[in-house]
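Subject: Structure handover

Hello,

Here is the structure I said I would pass on. My notes on it follow below the entry.

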Amino acid sequence: MKNRFYYVLFLVYVIVVAFVLYVNGVFTGDEASLMNLTINVGFLVIIGVIFVISAISFGRLNFITDELEELTYQLQKEYKEAGGKNLWGSYQDRSDLFESEELRAAFNKYRLRIKSLTAKRGIAGPCDLEEYINEELLDRAGMNFFNSGVSGTLTGLGILGTFLGLSMGLGSFSGDDIYTISDNVGPLLSGMKVAFHTSVYGILFSLVFNVVYRSIMSDAYEKLENFLCIFRQTAQPRSMKEDESSAAMVVYQAGMLSALKQMLELMKGEAMEQTAGVERIVNKFTERMESSLGDDFERLGNTLKKAGEAQSASAANARELMEAVTALVEVNQNVQSALARVMDRQEKFAGELREQKEKLESACNEMSDEISSQLYAFDKMRSLYEE
C-alpha cells in the first residue's frame, strides 16, 4: 500500500497560502502593501517548487517499495505452495522481475554475481541480495541528498524573510521628531509583518516536512527489511562453502572409517591364516623330525607354538587398536558437529548485535539532527528578538 502521507505537505501549503493572501487583504480587497504581497508570494512559490520536487521523489520511492512489498507476498505464497523448497531456480533467469529501473538493474547485477560464483557442485561463495538492493538504493530513489536538506532550507527561508522584512521596515523609517516618526510607523509595521509571516510559515513548513520525510523513509526501510528477510528464507541461493566443508569432513571421516575397517578385516584374516599355516607346518615338521631329533625337536616345536601364540596376541592387539581409532573418529565427528552448531549460534548472535547497533546509531543520529536543527532555529530567533 502506497504511503501518501506526503499529501499533508500540500494541504498545509494550501492553508498557509490562503492565510497569507487573507492577511494581505486579497480576499477583502484591502491590500496593505503590494511589496509585502510580492515577497510572500515569491517565498511561497519557491517553497511550492521544493514540495513538488520532493513529492516526485516520494512517489518514485513509493513505487519501488510497493514492488518490494508485492514480491514479498508473492515469495511467501510460492514458498508455501512449493512445500518449503528454495525458489531460486524459478527466479534466477527472470531479468524482468521488477518494473522499476533501479530494482531491475540491481537484481540483474545480483544474478550475474551468482552466475559468476556458480561452480559444478554449486555456488562457491556466499552472496547476499542486500549488497545490491539496500538502503542506499532507496536513498538514491527518494533523493535523500535533496530531501535531507529541505527542512533546513525552509527554516533558512523563514529567517531570510525575517531579515528582509526588517530591512524594508527600517529602510523606510526616518524622522527627527515625534511627528515625522509617527508618519513612518506604518511602513515599519508593514516590514515587520513580512518578517513575522515568513518566519512563521517557514518554521511550520520545516516541522511538517521533517515529520513527513522521516515517516516515509522509515516506512520504506521497514518494507525493504521485510523483503530481504523473506528473500533470504525462500529464494536466496545456498552457498556450498559451509555445507560442502561439513559434508567433506563427514565424507572424509566416513572414508577413513571404512578404510580402517577394511584394514582390520584384512589383518584379522591374514593373522588367522598365518596362525593356522604355522600350526600345520609345526605339526607336520614335528611328526617327521620327532623320530630323529627326539626330545630336542619337541622343545623346538613348543617354541614354535609359542611364537604362533605371540602372533595371535599381536593380531588381537592390532584389532583393539583399530577399534580405538574407530571410536576416536566417531568422537571427532561429534566434536565437529558441536562446533558447527556453536558457530551458527555465534553468527546469529553477531547478526542481532549488528542490527541493534545500527538501530541505536540511527536513533542517535536522528536525535542529534533534530536537536541541532531546533537549537539553530532557537538561537536565530533569540538573536533576532534581542536585537
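**The cavity**

About 40 Å³ of space lies in the largest cavity. Please keep in mind that this is a predicted model. The structure holds 1 cavity of 30 Å³ or more. Its lining is made up of Ile159, Thr162, Phe163, Ser199, Lys380, Met381 and Leu384. By type, the lining residues divide into 4 nonpolar, 2 polar and 1 charged. Two helices, H7 (150-171) and H11 (295-386), each supply at least two residues of that lining.

**The protein as a whole**

The protein has 11 helices and 2 strands. Along the sequence they follow the pattern α-α-α-α-β-β-α-α-α-α-α-α-α. Of the 387 residues, 33% are buried. Among contacts with a separation of 6 or more, 75% are between residues 24 or more positions apart.

**Helix H1**

Helix H1 covers residues 7-23, which is 17 residues. From its first C-alpha to its last it reaches 25 Å, close to the 24 Å expected at 1.5 Å a residue. Its buried residues are Leu9, Val12, Tyr13, Val16 and Val20. They cover an arc of only 105° around the axis, so they sit on the same side of H1. The face turned away from that buried side carries the exposed residues Leu11, Val14, Ile15 and Tyr22. Just after H1 comes Gly25, which takes a positive phi of about 80°.

**Helices H2 and H4**

Helix H2 runs over residues 34-81 and has 48 residues. How far apart are the end C-alpha atoms of H2? They are 69 Å apart, and this agrees with the expected span because 48 residues at 1.5 Å a residue should span 70 Å. Just after H2, Gly83 has a positive phi of about 70°.

Helix H4 takes in residues 101-117 and has 17 residues. Its first and last C-alpha atoms are 25 Å apart, close to the 24 Å expected at 1.5 Å a residue. In H4 the buried residues are Leu103, Ala106, Phe107, Asn108, Tyr110, Arg111, Ile114 and Leu117.

**Met143**

Met143 lies in the loop between helix H5 (135-141) and helix H6 (144-147). The phi of Met143 is near 50°, a positive value in a residue other than glycine. Is Met143 buried or exposed? Met143 has 16% relative accessibility, so it counts as buried, the cut-off for buried being under 20%.

**Ser151, in helix H7**

Helix H7, which helps to line the cavity, also holds Ser151. Ser151 counts as buried because its relative accessibility is 10%. Leaving aside residues up to four places away in sequence, Ser151 touches Ser206, Phe209 and Asn210.

**Two residues of helix H9**

Helix H9 spans residues 185-234, and Ala220 lies in it. Ala220 has a relative accessible area of 1% and is therefore buried. Which residues does Ala220 touch, not counting those up to four places away in sequence? They are Leu61, Thr65 and Leu138. Ala220 and Ile64 are 156 residues apart in sequence, while their C-alpha atoms are 8.8 Å apart in space.

Ile230 also has its place in helix H9. With a relative accessible area of 11%, Ile230 is buried. The contacts of Ile230, again not counting residues up to four places away in sequence, are Thr72, Leu75, Gln76 and Ala235. One of these, Gln76, is 154 residues from Ile230 in sequence. In space, the distance between Ile230 and Gln76 is 7.1 Å, C-alpha to C-alpha.

**To recap**

The items to look up are the cavity of about 40 Å³, the one-sided burial of H1, the positive phi of Met143, and the contacts of Ala220 and Ile230.

Regards

Methods. Residues are numbered from 1 along each chain as its sequence is written. This is a predicted model: local features need pLDDT of at least 70, side-chain atom pairs count only at pLDDT 80 or more; totals for chains, interfaces and linings use all residues. Side-chain values use heavy atoms; hydrogens and water are left out. On a 1 Å grid over the protein atoms alone, a cavity is a set of points where a 1.4 Å probe fits but cannot get out, and a pocket is an open set with protein on both sides within 12 Å along at least five of seven lines; lining residues have an atom within 4 Å of a point. Grid points are joined across faces, edges and corners, and a volume is the space filled by probe spheres set on the points. Helices (H or I, at least four residues) and strands (E, at least two) are DSSP runs, numbered from the N terminus. Ala, Val, Leu, Ile, Met, Phe, Trp, Tyr, Cys and Pro count as nonpolar, Asp, Glu, Lys and Arg as charged, and the others, Gly among them, as polar. Buried means under 20% relative accessible area, exposed over 50%, partly exposed in between (1.4 Å probe, protein chains only). Contact means heavy atoms within 4.5 Å. The expected span of a helix is 1.5 Å times one less than its number of residues. The arc is that of the directions from the helix axis to the C-beta atoms.
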